[in-house]
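Biologist: Please take a close look at the aromatic rings of this model. I would like one connected account of how the rings pair and where charges sit over them.

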Amino acid sequence: MNPKLSVSDMADILGVTPDAVHKAIKSKGLTVGRQNNKLYLQHESTSILFDFKFHYPKVIVFQNNKGGEGKSTLVHSVAVCANLYGARVLCIDSDPQGNLTQAMGIDAEQSPVLFDYYVEGNLDVQDIIVPVIPGLDIIPSRIENEKLNDYIPMKQKNINRMYSDLLAPVIDKYDLIIFDCPPNLSHNVAAVALFSDLIIIPVTPHKFSYNGLKMCDELYQRLSTDYRPKDKPINLKILFNRFKATTSLSHEFYNQLLEHPRYKIMLYKLFIRDNQEFANVITRNQSIFDTLKALPSKEDIHLITREILGIKEQIEAMNK
C-alpha cells in the first residue's frame with residue numbers, strides 16, 4: 001500500500017490554486033514524489049502542509065449487526081484518507097474474520113491479537129500493534145478473537161473500562177483510533193461501543209440492513225442508559241453505503257431514513273456511491289489513494305472523512 005495526494009488533490013482540499021500549494025511545499029522544504037509527471041505528497045509531508053488539529057471524535061467505531069454492509073472497506077479507506085490528511089491513525093480489527101487485517105496486508109498469524117493480550121497476561125499493548133505505513137498502525141485480528149466473547153464475562157471484565165485501560169499507554173500517540181467491529185451485538189462490541197466517541201452504522205439499500213440498524217440503535221441506547229452519564233450518551237451516526245443513483249431502491253431507502261423521526265437526525269447527508277474500485281484495490285492490497293487518478297470513490301471518501309474529522313470547518317476558516 002502506497003497512498004498519496006497529488007498537488008491538485010491538495011489544492012482542491014484547501015480551496016486554493018495548485019500554484020499556491022507548490023509555493024507552500026517549497027517554503028516548507030517538504031519531500032515530494034513524482035508519478036507520471038505528477039507531484040505528490042505522503043503522510044510525513046501532508047501532516048506539515050495541512051497542520052490540521054484533530055480533537056474530537058478520537059475513537060470511531062464502524063458497526064452494524066448485519067454483515068456485508070462494507071464496514072471493513074470503509075474503515076480501510078477512511079483510515080488511509082485520514083492518514084493522508086496528517087492524522088496519526090490506529091486501526092483496531094476486532095472482527096474475528098480479520099478482513100481489515102488482510103486488507104492492510106498484515107499476516108495475523110505472525111502477530112499476537114487482542115485475545116492473546118488478555119489471555120497471556122505478559123504482553124504490552126505495544127506488542128500487539130503492527131505498523132502498516134508511516135502514521136498508520138493496526139492491532140490485527142484472527143479467528144481466536146471470537147473467544148473474547150466468552151472471556152469477558154468469565155473473567156468479569158469491566159466493559160466500561162476494558163479498552164480505555166488497554167490503550168491508556170498509547171492513546172496520546174494517535175490522533176484517531178478506528179475500530180472495525182464484527183456483525184454481532186456481543187460483550188466485546190459493547191465494550192468497544194462504551195469506549196467510543198462516535199459509532200458509525202453503515203447501511204445499504206436492503207431490508208435486512210434496516211433491521212440491523214434498528215437492533216444496533218436499541219442496544220446502544222440501552223448501553224447509554226446503563227453505563228453513560230445522561231449528558232454523554234453514545235453518539236450514533238448512519239452512513240449510507242453503496243448508493244446507486246440509477247436504482248429506485250436506493251432513493252426509496254434513503255427517503256425511508258429521512259422520514260424516520262430519529263434516523264433522519266443521525267443520518268449523514270453524504271453517502272458513498274456503489275463502486276467496484278473499493279473491492280479491486282483491496283484485492284491487490286492497495287488503497288483507493290494509491291493512484292493519482294481522479295475517482296468517484298476517492299471523492300466520496302474525501303468528503304466523509306472531512307465530515308467525520310471535523311476539518312471541514314478548519315478548511316473553511318483557513319480560506320477566510
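Modeller: A residue is called buried here if its relative accessible area is under 20%, as calculated with a 1.4 Å probe on protein chains only. By that criterion, both tyrosine 210 and tyrosine 263 are buried. The model is a predicted one, and it holds 18 aromatic pairs. One of these joins phenylalanine 52 to phenylalanine 54 in an edge-to-face arrangement, with 6.4 Å from centre to centre and 75° between the planes. Phenylalanine 52 has a relative accessible area of 7%, and therefore counts as buried. Phenylalanine 54 is likewise classed as buried, because its relative accessibility is 16%, which falls under the 20% limit.

Tyrosine 210 and tyrosine 263 also form an edge-to-face pair; their ring centres are 5.8 Å apart and their planes meet at 75°. This pair connects distant parts of the chain, given that tyrosine 210 belongs to helix H10 (residues 207-227) and tyrosine 263 to helix H12 (residues 263-266), 53 residues apart. The two tyrosines are also members of a cluster linked by ring pairs, which comprises Tyr210, Phe240, Phe243, Phe253, Tyr254, Tyr263 and Phe271.

Charged side chains complete the account. The charged end of lysine 237 is placed over the ring of tyrosine 268, at 4.8 Å from the ring centre. Lysine 4 lies over the face of tyrosine 40, and here the distance to the ring centre is 5.4 Å.

Technical notes: Residues are numbered from 1 along each chain as its sequence is written. This is a predicted model: local features need pLDDT of at least 70, side-chain atom pairs count only at pLDDT 80 or more; totals for chains, interfaces and linings use all residues. Side-chain values use heavy atoms; hydrogens and water are left out. Rings of Phe, Tyr and Trp (its six-membered ring) pair if their centres lie within 6.5 Å; planes under 30 degrees apart count as stacked, over 60 as edge-to-face and the rest as tilted. Buried means under 20% relative accessible area, exposed over 50%, partly exposed in between (1.4 Å probe, protein chains only). Helices (H or I, at least four residues) and strands (E, at least two) are DSSP runs, numbered from the N terminus. A charge sits over a ring if NZ of Lys or CZ of Arg is within 6 Å of the ring centre and within 35 degrees of the ring normal.
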